[in-house]
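Let's take a friendly walk through this structure together. Have the sequence and the coordinates open as you read.

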Amino acid sequence: MTHQSHVVPSPATGDTAWQHPATRRACQVRLALHLLGVPLGLAASVVVFVVILPTPMWLIRILVTMHLIAGICGVCFLQVPRVRRMFGLRRILRTYPWQVHERGLPHSTGQRYSAHRGMSWFKVPDPDNPDSWVSVYLDRSRRTRWWLERMAPQAGREAKAEIRTLWFAGDPRFRAILAVPGKRGPHRMLEVPRAVRQGTTVEQPGPASDEALTRALKAGAPLSELARPVEASDRTPLLRAPAPPPGAALSFPATRRSMRLLLLRGTAFLVIAPIPFLGLFLLGPFSFAGAKGLGLLLFATVVPAFQRSRTRFKLRRNVRGDGQPWRTLDVEIRHRGRAVVLVTGNEALRTQLVLHRPPAGRAQVWFAGHLHGDGMVSLRADGAVVPVRCVEKGRASGAGQGKRRK
């Protein structure tokens, strides 16, 4: 086990590992192999059976069908995950520089009854606190077999020497890459996310700075809404809302009108959506496969709309029964695709759909309902209803706790 690590300057000529020519070349070669591996292998085997070997026609048809099935399975279950993994590695390399650890990194295959519960790990210096270490864990799979064989205590001296010098890029708390130096650049690149099994007593890293969280998002780390750094809040002034009207929210005429229109739209869609499908069924006979496909498409269209309408009717009943009033809520508005996420305190509320999205940044909105469940907001503070639901509650432990700079 290595106990010390000596960091030397990055071999790259720029600020990120992707600016290192050998790194780009290694990634492009691996990506080309992943893209061409399955098609070339299938084409070569088909040529061997059809052209070279004297094969009967009936057997050729069976072999071509089997190869077609094998090709589809290979692309879906082998090629696509590998290509996605390569694009994930490229995002990390385009965000972080290489760090060369000439004396290696502390590592162990882990003991069964230790704090790591038998998990193999490397320890990497914390970017925000170089005096502390963060553990990155390796699961047991085909991708990590080469590493685990050289980390094992019974590995020979020559095997251990292959991981004596390590290249590291990324943030060990979020996403990172381990590699060993090769003749033409980094070799055996392996992504090491901080994936810890549930129920373990492995130590959690401390809070991450806003700069570290921003770089982690750029590298594709799946951070929770509550852990994302506040970017727009420092640039956008706080938009203050007028005082909400007294009394129950549904007693406000604009809220009643907006809620009624919302329910009417949902009900109208449920009534109109099946009409085109019924027209197609009446046009003529369909095969079983065609009828089944139309039925599945109708099911996929109607069920989500029914669930949204059911949620809105339930929300209206709860708000009316409890007499919930409008109240002012300080939020940070973030855009996530077609929806809007409102972050307030330790809660993150996601809207169902907002056609006219407000600008991102700090703002005040009207809120009515239960903050930890279903509720409704008025983004423009005019009584117009937008249903929301709490998607995250409480701060995530460990890497999810970000420092909020006011």
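What follows looks at one helix, then two pockets, then the cysteines.

Please keep in mind that this is a predicted model. A good place to start is helix 2, which covers residues 57–93. At 1.5 Å a residue, its 37 residues should span 54 Å, and the end C-alpha atoms lie 50 Å apart, which agrees. Along the way, helix 2 bends by about 40 degrees at Val 75. Which residues of helix 2 are buried? They include Ile 60, Leu 63, His 67, Gly 71 and Gly 74, and also Gln 79, Val 83 and Met 86. An α-helix has 3.6 residues a turn, so residues three or four places apart point the same way.

Helix 2 also leads us to the largest pocket, since at least two lining residues come from each of helix 1, helix 2, helix 3 and strand 8. This pocket holds about 860 Å³ of space. Of its 29 lining residues, Arg 30, His 34, Arg 143, Arg 188 and Met 189 lie nearest the centre. By class, the lining has 14 nonpolar, four polar and 11 charged residues.

The second largest pocket offers about 630 Å³. Nearest its centre, among 22 lining residues, are Leu 262, Arg 265, Leu 353, Leu 355 and Val 385. Helix 6 gives the largest share of this lining, with six residues, while helix 8 and strand 14 each supply at least two. Here the classes are 12 nonpolar, five polar and five charged.

Finally, the cysteines: Cys 27 is buried at 3% relative accessible area, and Cys 390 counts as buried at 16%. With sulfur atoms required to lie within 2.5 Å, the count of disulfides is zero.

Methods
Residues numbered from 1 in each chain as written. Predicted model: local features only at pLDDT ≥ 70, side-chain atom pairs only at ≥ 80, totals over all residues. Heavy atoms only, no water. Helix = DSSP H or I, 4+ residues; strand = E, 2+ residues; numbered from the N terminus. Expected span 1.5 Å × (residues − 1). Bend = angle between axes of the 7 residues up to and from the residue. Buried < 20%, exposed > 50% of the residue type's maximum accessible area, 1.4 Å probe, protein only. 1 Å grid on protein atoms, 1.4 Å probe; cavity = no way out; pocket = protein on both sides within 12 Å on 5 of 7 lines; lining within 4 Å. Points joined across faces, edges and corners; volume = space filled by probe spheres on them. Nonpolar A, V, L, I, M, F, W, Y, C, P; charged D, E, K, R; others polar.
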